[in-house]
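Trainee: Can we go through how the labels in this model are earned? I'd like to see each value set against its rule.

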Amino acid sequence: MSTRSLALVAFGALVGAVTLGGCDSSGTIVPLGGESDHSSSIAVTRDGSTVYVVNPDADSVSFVDTASRQLVTEVLLAPSSPSVEATGRYEPRVGPRALALGPGERTLYVTGERSGHLYAVDTASAAVVADVDACSEPIGVVASPDGSTVYVACSQDDAVIAFDAATLAVTEEAPCSRRPWTLAWSSDRSQLLVTHLLGPGVTAFAPSPLAVSGVWALADGQKRVAEPTTPHGQVRGIYDVLARPGSDERWALAMMLGTDTPQPTLAFDSTAFSMISILDDGGDELARLTVSTDPGDGGAFGDVVSGPHAIGFSPDGRLAFVADTASEDVLVVDAVNRVEAALVRPLPGHQPEGIAVSSDGHVYVDERNTSEVAVLDVSAGGAAPVVTVDGPAIPRTAHDPMPPDLRLGQHVFFSANSDELPVTTDHWVSCATCHLEGRSDAVTWLFSQGPRDTPSNAGGMLATGFLFRTAARSRVQDYWQTIDVEQGGHFSTSVPLLAADLDALEHFVDRALPYATAPRGLDPAAVARGAALFASVGCGGCHSGPAFTDSGAGNPSLDLAGTVLLHDVGTCVTAGYADQAFPDEDGDPRAACAFDTPTLRGIADSAPYLHDGSAATLDDVFRLAPGMVGEAASQLSDDDRAALVTYLKSL
């Protein structure tokens, strides 16, 4: 138990024994349905005999036999396995992220985040029977109950697309809020639910014709006492939603980020808080489960967990199982009394990203970093369920193509497992807590230097020059200071083992975090016109070179005391929580109002903009930062400015 957490709330007695099996209208236990009720990285068949799991870093899908606990086959979705390229980057071509079984379990649908494709795999032959271009960075996928339609959430296109299951031809497309992620069916299959990774919450769709029927915002958590460690903050990281069997409840996973707490008060235990939001069938919040004792949450959790990523229910709806990627555990929740029932920690692998519940009393956990499937056993234990690790994890790849140093760096980046790594205290904060998916959490933090929007790490930092808004650092290894100060960790470059971890972190961030993919559907003529305007109005004066930045120009060694190009472009915050003069890590002075030029790569994915996040859109940049865009750009017509924005989105 964490010393920073509340005492474990006494577990209320479950009504009857824990039984794994769904209930029909008469209350009789019945097996799970054949099709997946929501998208996940892992799925189990109705009879519990086979587990399917995606391997994003190996471009494959694995079939695992649960009786023998052996890999049956690994289906490669790319022409060949990924490998380190001549540039030193490791870039899988497909990046499968989610899968779903169709009715009858004959077809497995898989989305390729990197390829932008939708794949159909025949489960009997393990053959890819269809492969179609879908959209930009598809994630969530589910099939309709009658098997006629497949739905995909297009995270970079802000849309949900319907495909004809027989041909995989697009039949409908519906726009929605930013970064749609997971898809799930309501209990009666009348609504298709989609989470939004960066908020506002959950969108409900009518499935046919495909159209938005409701937008259910998850309200930011408010401080109720003058105590920064009370769970509160802006809701982000809405990874999963799932209907609770036998009820009208929808359970959504998220984090709250306490951006209203400034440094030096801001610390690891006031930064991020896991939550489960329980919604009714109209989207109203029935309860919010956290470690807090505020009214409505029942003092739900006695243990600190972080990075809630995936949820599954026992088929009777009495237990919820939450895979926490950062704290590397599975939280078991009594869904009837809405309190913590158990915590399974440690797990036998690293980076749990998905969870699947079988009808035979087993829970299967996707351990991405170690390419394994962990198995948990669930049994009745008097007043409380007993959930234990059931044997060693199951290897799910014949060979891991990702080099070991990149795997180690991936573990350091995504983990808040303070039992194994000194990255934080009490399993609280990982690098990925703020850099969601290696990118941005789309919030502004009140740091000692001033208000700072979280930058994206997509594509790494090679060729982007100095780091931090005021060029205060020059290499990823220097983020040990962030680990120690903001994350509550205990790193040092003077300790050889920890220095090796930091080197691996740098390798992963710079060579294995993928670039953000541009949205689809950008008008080619507008892109070309915008490119010409970019050159003619002088944007390339600062945003130059392959990374579109002059950071580090004339200083190839990135000597912090050498030539450092900083620009006062009129965006300095001088009122309220203002920008401050602050030294770099070597003690060299940095002015309050002079900023490093950020890269424009993947800029469409990194809203909001400017160092303080004050520009919600790229169009707002031209209005709020005239000193940056220059006189010529500030006087563009609306059509020309729209073309320039279109070009920027294409980068």
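Trainee: Why is C593 called partly exposed?

Mentor: The rule says buried is under 20% relative accessible area, exposed is over 50%, and partly exposed is in between (1.4 Å probe, protein chains only). C593 comes to 22%, so it counts as partly exposed. C572 has 19%, so that one counts as buried. Keep in mind that this is a predicted model, where local features need pLDDT of at least 70, side-chain atom pairs count only at pLDDT 80 or more, and totals for chains, interfaces and linings use all residues. Residues are numbered from 1 along each chain as its sequence is written, and side-chain values use heavy atoms, with hydrogens and water left out.

Trainee: How do you know that C572 and C593 form a disulfide?

Mentor: A disulfide is a pair of cysteine sulfur atoms within 2.5 Å. For C572 and C593, the S to S distance is 2.1 Å, so the pair fits the rule. The torsion about their S-S bond is about -50°, so we call the disulfide left-handed.

Trainee: What makes C135 and C154 a disulfide too?

Mentor: Their sulfurs sit 2.2 Å apart, so the cut-off is met again. By this rule the count comes to 2 disulfides.

Trainee: How buried or exposed are C135 and C154?

Mentor: C135 has 1% relative accessibility, so it counts as buried. C154 has 0%, so C154 is buried as well.

Trainee: And why is C434 left out of the disulfides?

Mentor: The nearest cysteine sulfur, that of C431, is 9.2 Å away, so C434 fails the cut-off.
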